[in-house]
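User: I'm new to reading structures. Can we go through some labels and see what backs them up?

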Amino acid sequence: MLSRIDHIGIACFDLDATVEFYRATYGFTDAHFEVNEEQGVRECMLKINDTGDGAASYIQLITPTRSDSPVGKWLEKNGEGVHHIAFGTDGSDVQEEADGIAAKGVRVLYEQPRRGSLGSRITFLHPKDCHGVLTELVQKAPATASEESGTSE
């Protein structure tokens, strides 16, 4: 079952400048940077709040690492702005969620879930089947022993 808005993905040309805007304007400070070579993006996850299912809600700022990546092509066509919305599962398997949605006639873009931000498992739904919105499904990564105990590594 989908239980939260996991994140809103925002495509940008200059990741560092956009992160600074969100920090200075909204005060977001809890940031996680990573490069996802498979997706061809460099990203920053800015934590908004914790949620009732033990996860969190984020703003995901993404910039392409190469012009032929999906985000690179999207930016070239559309410019900066909201790229996608991501819904988080309540801990259930993202593949099961995607299969259930596909059974309702919505095209799933990946045959198998892929690695997403912060070690999550993700897949996307076709925007033409979701009223023009690219939609991501996210299964958060399992908690590590240090996360469960509240300590950092």
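User: Why is Cys12 called buried?

Analyst: This is a predicted model, and the values are computed from it. Cys12 has 1% relative accessibility. Buried means under 20%. Cys12 is under that cut-off, so the label is buried.

User: What makes Cys130 buried or exposed?

Analyst: Its relative accessible area is 17%. The cut-off for buried is under 20%, so Cys130 counts as buried.

User: How do you know whether Cys12 forms a disulfide?

Analyst: Look at the sulfur atoms. A disulfide is a covalent bond between the sulfur atoms of two cysteines. The pair must lie within 2.5 Å. For Cys12, the closest cysteine sulfur is in Cys44, 9.1 Å away. That is too far for a bond, so Cys12 and Cys44 are not called a disulfide. The count by this rule is zero disulfides.

User: Why is Thr25 called partly exposed?

Analyst: Thr25 belongs to helix α1, residues 15-26. Its relative accessibility is 43%. Buried is under 20% and exposed is over 50%. The value for Thr25 falls in between, so it counts as partly exposed.

User: What makes Thr135 buried or exposed?

Analyst: Thr135 is in strand β8, residues 135-139. Its relative accessibility is 7%. That is under 20%, so Thr135 is buried.

User: Which residues is Thr135 in contact with?

Analyst: Set aside its neighbours within four places in sequence. Then Thr135 is in contact with Ile85, Phe87, Thr123, Phe124, Leu125 and Cys130. Its side chain also reaches the backbone oxygen of Val133 at 3.1 Å. A polar contact needs a distance within 3.5 Å, and 3.1 Å fits that limit.

User: Which residues of helix α2 are buried?

Analyst: Helix α2 covers residues 70-78, and Val71, Gly72 and Leu75 are buried there.

User: How do you know which side of α2 they are on?

Analyst: Those buried residues cover an arc of only 105 degrees around the axis, so they sit on the same side of α2. In general, an α-helix has 3.6 residues a turn, so residues three or four places apart point the same way.

User: What covers the buried residues of α2, and which exposed residues are on the face turned away?

Analyst: The cover includes strands β1 (2-11), β3 (41-50), β4 (56-64) and β5 (81-89). The face turned away from the buried side carries exposed Pro70, Lys73, Glu76 and Lys77.

User: Which residue follows α2, and what is its phi?

Analyst: Gly79 follows α2, and its phi is positive, near 80 degrees.

Methods. Residues are numbered from 1 along each chain as its sequence is written. This is a predicted model: local features need pLDDT of at least 70, side-chain atom pairs count only at pLDDT 80 or more; totals for chains, interfaces and linings use all residues. Side-chain values use heavy atoms; hydrogens and water are left out. Buried means under 20% relative accessible area, exposed over 50%, partly exposed in between (1.4 Å probe, protein chains only). Helices (H or I, at least four residues) and strands (E, at least two) are DSSP runs, numbered from the N terminus. The arc is that of the directions from the helix axis to the C-beta atoms. Contact means heavy atoms within 4.5 Å. A polar contact is a pair of N or O atoms within 3.5 Å; within protein, one must be able to donate a hydrogen and the other to accept it, and residues adjacent in sequence count only if both atoms are side-chain atoms.
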